[in-house]
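Me: I am new to this structure and would like to go through it step by step. Please keep the replies short and end each one on the value or name I ask for.

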Amino acid sequence: MGVPFKADELFLDMTNKTMPYAIELRDISKRFGAVQANKDICLQIPAGTIHGIIGENGAGKSTLMSIIYGFYEADTGYIEVDGKRVDIRSSQDAINAGIGMVHQHFMLVENFSVLENVILGAEGGTLLKGGINTARVELQRLAQEYSLDIDVDAIVEELPVGLQQRVEILKALYRGARILILDEPTGVLTPQEADHLFRILKALKEQGVTVLLITHKLREIMASTDNVSVMRQGQMVADRETVKTNKEELAELMVGKKVRLTVDKDDAEPSQVLLSARNLSQFDEQGVKRLKNINLELRAGEIVGIAGVSGNGQSELLNVLSGIEPMSEGEIHIADQVITSKNPKDAAQMRDLKMAHVPEDRHKMGLVTGFEAYEAAVLGYHNSKTYNGKILMHRKVMIDECNERMAAWDVRPPNPHLKTANFSGGNQQKIVIAREVEQNPDILLIGQPTRGVDIGAIENIHEQIVKLRDAGKAILLVSVELDEIMALSDRIIVMFDGAIVGELDAKDADERTLGLMMANAYNEEKEGESA
Amino acid sequence: MSQAKVPTWVSVALIPFLNIMMAFIVSGLVILAIGENPIEAAGYLIYGAFGYDEGVGYTLYYATNLIFTGLAVSVAFKGGLFNIGGEGQAYIGGLGVGLVCLALDHTMPLYVIVPLAIIGAAVFGAGWAYIPAYLQARRGSHIVITTIMFNFIASSLMVYLIVNWLKEDGRMAPNSRTFEENAWLPYLHKILSPLGIEIGDSPLNLAFVLALICCVLVWALLWHTRWGYQLRTLGTNPTAARYAGIDTAKVTIWGMLISGGLAGFVGVNEIMGVNHSLLLNFTAGYGFAGIAVSLMGRNHPIGIILAAILFGALYQGGSELAFEIPTITPEIVIVIQGLVILFSGALEHMFKDRIEGFFIRRAVA
């Protein structure tokens with residue numbers, strides 16, 4: 001388990017077939033600065049199959065697809081299509097090689113008709129008429145062949161999302177794609193639309209199109225693919241034939257087993273409820289429900305961990321609880337206040353209720369990287385009396401306090417005047433956590449506390465979190481690191497697709513159970529066992 | 001990963017210097033092309049701007065306007081807003097000054113009129129900036145578009161008001177009546193000469209002192225108040241601003257109000273300090289030049305003072321140059337000014353990335 005397989009060994013039986021691979025990746029590596037996004041990726045996809053690529057957000061799936069589609073160039077390695085080496089430097093090269101891509105966020109001109117969108121970039125002449133007429137005939141043929149019915153004269157923005165996606169697929173096919181990449185295609189679809197999509201993919205496959213399906217949803221992989229490859233931390237960690245694997249194995253492969261973290265802590269002694277969320281829901285701008293009827297209680301003196309594959313509503317939950325984003329439905333009870341969508345509170349007002357928040361993404365949200373450290377160290381508390389005179393801010397107070405905290409939290413270098421951007425990730429995180437924890441909050445929301453932080457600092461941060469719990473504070477911990485969740489939490493809640501799908505005492509949690517819950521397969525499996 | 005840094009002197013001194021030198025080299029080629037000696041021309045230009053008292057006075061008088069508009073652009077820019085409307089805000093600010101002076105010059109002494117005129121300039125300039133600010137903050141209309149449009153509206157409005165309402169009866173020129181002398185902002189040469197300091201006659205007036213005070217106030221506001229803290233947070237990281245509970249709409253509006261008020265102070269210098277009547281087109285492009293001044297001055301008050309003096313010198317030295325060498329027409333002088341704006345503003349990144357890259361590589365090595 002977790003040992004990288006040589007793709008050659010796995011597909012040994014297939015090499016006997018005469019057909020070359022539709023697409024083959026050889027030792028693809030890509031590095032962005034310090035981040036190794038892809039490392040020595042090998043992948044062989046037989047023609048006319050549906051191949052799933054699964055992995056957590058940030059595992060490197062999208063980077064890999066961008067390399068295949070010519071958005072990025074690989075640092076090393078090469079790509080073969082139909083057994084011939086191709087040099088893909090732009091999306092045009094990819095199209096010429098017969099590769100089409102359906103992006104997660106559609107690349108459509110919303111106020112154009114379907115026909116106009118399809119011929120965009122392939123107009124075939126100065127005047128549109130000829131191209132449009134050719135396209136009309138060709139689209140009819142494609143629609144028949146792949147059962148992709150659509151009104152070609154409809155305006156794209158008036159179509160439902162599922163049909164817009166179909167336009168993207170038609171676009172790729174119109175350009176002669178024989179290999180179709182779909183990046184998280186069901187993220188925006190209703191379950192019915194998703195089922196329809198998979199029927200279309202099957203039809204495509206029967207016509208000899210090779211499909212690459214990128215997703216982090218195990219159900220889709222199991223339901224629709226022939227083979228599946230698992231990515232983790234930039235590497236291809238396993239290749240499986242779909243019929244020979246199961247959700248449980250894939251979930252474990254995705255999350256991976258790491259060195260077990262241990263945190264010394266006594267049993268929790270939870271007392272009164274400090275925060276309770278009731279039926280909390282949130283819709284995004286497209287009207288998609290991102291948070292689904294969340295019910296949650298945080299008690300003084302306990303750490304509640306939220307486990308889940310990232311992108312399943314954890315970020316939205318943190319943002320709604322902390323007042324950064326408005327809720328759509330439901331209530332939050334905190335202290336003696338009831339917060340609803342009609343009676344909202346912004347992030348500053350939530351802070352006044354003694355709630356502190358360490359955001360998941362310190363660069364985007366937790367810090368202003370252009371600020372000097374002492375300035376970033378008061379973000380969110382900049383209106384506090386401690387830092388302000390009648391008109392001017394007390395710079396000296398801010399700097400002195402920053403110096404103290406840097407010493408207490410071992411921030412290096414301990415220089416309040418250094419630009420925040422010039423600290424290492426771990427030290428930036430310490431600045432953020434120190435800022436929030438030193439406010440002595442009653443409730444602490446903390447997202448990915450140790451992302452990109454080195455081992456020594458992780459221990460320190462974990463100790464501080466436990467100390468805060470022992471002081472009778474309520475802590476909500478969101479992390480994609482299962483180890484961290486299991487080591488720190490007293491109670492674990494699992495989120496999937498915006499909803500809470502499971503809750504268990506940390507003592508009863510193991511990776512297998514959590515992994516299944518995270519893939520929303522736990523209940524199904526139990527039903528299977530009892531049947 | 002090592003976090004290499006570009007030395008401060010490179011970004012605040014070397015790069016602007018190279019940009020200006022580049023502009024002057026190209027200007028030199030232009031002057032060569034029309035058959036004149038660039039060195040000689042440069043000599044006249046520098047002498048005209050700094051060589052004698054009156055020249056210096058004029059340079060600083062032009063710089064006064066540019067400091068106001070440069071500060072206006074920089075305050076908005078710190079909040080992530082690109083205020084292109086300095087021209088219109090200055091124009092309407094002048095209206096505020098003019099109305100105060102026309103209303104009070106018969107009855108009130110100077111020390112009453114001055115603060116009221118300054119307030120008038122700020123309120124009118126800010127008021128003109130308020131509408132685009134509101135539309136951006138609450139309705140999502142892009143501030144660049146709306147401020148540009150408001151420049152045209154301001155221009156038409158002023159023509160209408162001056163021609164139909166404020167023009168002196170029996171006069172052909174579209175000017176208001178000249179204010180009584182107690183509504184004239186004193187010239188610096190008149191203030192200084194009783195003290196035994198002779199600086200030569202020039203339009204330089206007390207508005208220059210106001211400009212310097214504004215520089216200090218803007219500096220304190222941006223870097224030493226929580227209000228400036230919020231503005232800078234919004235300007236550099238809007239997501240962090242929301243995280244911090246900053247009311248982004250409110251900060252956007254306040255930022256633009258201050259920006260518009262600063263631009264409005266051009267009216268104090270022009271209307272109250274020099275022309276002593278309300279007239280058309282007194283803003284003469286200072287609002288737009290302010291964008292280049294702010295860019296070149298790295299959005300910092302000290303940089304803005306230096307950049308404003310440079311541009312003021314170009315205005316003043318340029319007219320001297322056109323006078324001394326008749327083949328170099330005023331249009332050529334405008335070309336030179338344009339080149340400086342082009343290289344220090346629009347082409348700001350031409351050398352920047354390469355030079356910074358060089359210093360980063362050197363720091364890493």
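Reply: A definition comes before the rest: helices (H or I, at least four residues) and strands (E, at least two) are DSSP runs, numbered from the N terminus. The structure is a predicted model. With that numbering, Tyr52(B) is placed in the loop between helix 2 (38–50) and helix 3 (53–78) of chain B.

Me: Is Tyr52(B) buried or exposed?
Reply: A residue is exposed if 12 or fewer other C-beta atoms lie within 10 Å of its own. Tyr52(B) has 12 C-beta neighbours inside 10 Å, so Tyr52(B) counts as exposed.

Me: What distance separates the C-alpha atoms of Tyr52(B) and Val6(B)?
Reply: Along the chain, Tyr52(B) and Val6(B) are 46 residues apart. In space, their C-alpha atoms are separated by 39 Å.

Me: How many helices and strands does chain B have?
Reply: Chain B has a mean pLDDT of 91, with 98% of its residues at 70 or more. Its secondary structure comes to 16 helices and zero strands.

Me: What radius of gyration does chain B have, next to that of a compact globule?
Reply: The C-alpha trace of chain B spans about 75 × 60 × 40 Å along its principal axes. Buried residues make up 50% of its 365 residues. A compact globule with 365 residues would have a radius of gyration near 21 Å, and chain B agrees with this because its own value is 21 Å.

Me: What share of the contacts in chain B between residues at least 6 apart in sequence join residues at least 24 apart?
Reply: The count takes in contacts in chain B between residues at least 6 apart in sequence. Of these, the share that joins residues at least 24 apart is 76%.

Me: Which helix of chain B supplies the largest share of the side that touches chain A?
Reply: In the contact between the chains, 18 residues of chain B meet 27 residues of chain A. Helix 8 (207–224), helix 9 (226–236) and helix 10 (238–243) of chain B each give at least two residues to the side of chain B that touches chain A. The largest share, five residues, comes from helix 9 of chain B.

Me: How do the residues of the side of chain B that touches chain A divide into nonpolar, polar and charged?
Reply: This side of chain B has 18 residues in contact with chain A. They divide into six nonpolar, nine polar and three charged.

Me: What ipTM does the model score?
Reply: Two scores are given for the model as a whole. The pTM is 0.76, and the ipTM is 0.82.

Me: Where in chain A does pLDDT stay under 50?
Reply: Chain A averages a pLDDT of 86, and 92% of its residues score at least 70. One stretch with pLDDT under 50 has 18 contacts beyond four places in sequence in the model; this stretch is residues 1–17 of chain A.

Me: What radius of gyration does chain A have?
Reply: The C-alpha atoms of chain A fill a box of roughly 70 × 50 × 45 Å along the principal axes. Buried residues are 45% of the 531 residues. A compact globule with 531 residues would have a radius of gyration near 24 Å; chain A agrees with this, at 26 Å.

Me: Which strands are at the edges of the open sheet 2-1-4-5 of chain A?
Reply: This sheet has four strands with antiparallel pairing. Strand 1 (residues 21–32) is joined to strand 2 by eight bridges, and within this pair Tyr21(A) has Pro46(A) as its bridge partner. Two strands pair on one side only, and these edge strands are strand 2 (35–46) and strand 5 (84–86) of chain A.

Me: Why is one side of strand 12 and of strand 15 of chain A left without a neighbour in the sheet?
Reply: The strands of this open sheet follow the order 12-11-14-15 in chain A, with antiparallel pairing. Strand 12 (289–299) and strand 15 (337–340) stand at the edges, so one side of each is left without a neighbour, as each has a single partner strand.

Me: Which helix of chain A lies across strand 11, strand 12 and strand 14?
Reply: Strand 11 (residues 273–283) and strand 12 of chain A run antiparallel, joined by seven bridges. Val273(A) has Arg299(A) as its bridge partner in strand 12. The element lying across these strands and strand 14 (329–334) runs at about 60 degrees to strand 12, and it is helix 11 (residues 314–321) of chain A.

Conventions. Residues are numbered from 1 along each chain as its sequence is written. Chains are lettered from A and ligands numbered from 1 in the order in which they are written. This is a predicted model: local features need pLDDT of at least 70, side-chain atom pairs count only at pLDDT 80 or more; totals for chains, interfaces and linings use all residues. Two strands pair if DSSP finds at least two bridges between them. Two residues are in contact if their C-beta atoms, placed from the backbone, lie within 7 Å. Axes are lines fitted to C-alpha atoms, for helices over the stretch in contact, and angles run from 0 to 180 degrees between N-to-C directions. The radius of gyration is taken over C-alpha atoms; the globule rule is 2.2 Å times the number of residues to the power 0.38. A residue is buried if 20 or more other C-beta atoms lie within 10 Å of its own, exposed if 12 or fewer, and partly exposed in between; C-beta atoms are placed from the backbone. pLDDT is the predictor's confidence in each residue, from 0 to 100. Ala, Val, Leu, Ile, Met, Phe, Trp, Tyr, Cys and Pro count as nonpolar, Asp, Glu, Lys and Arg as charged, and the others, Gly among them, as polar.
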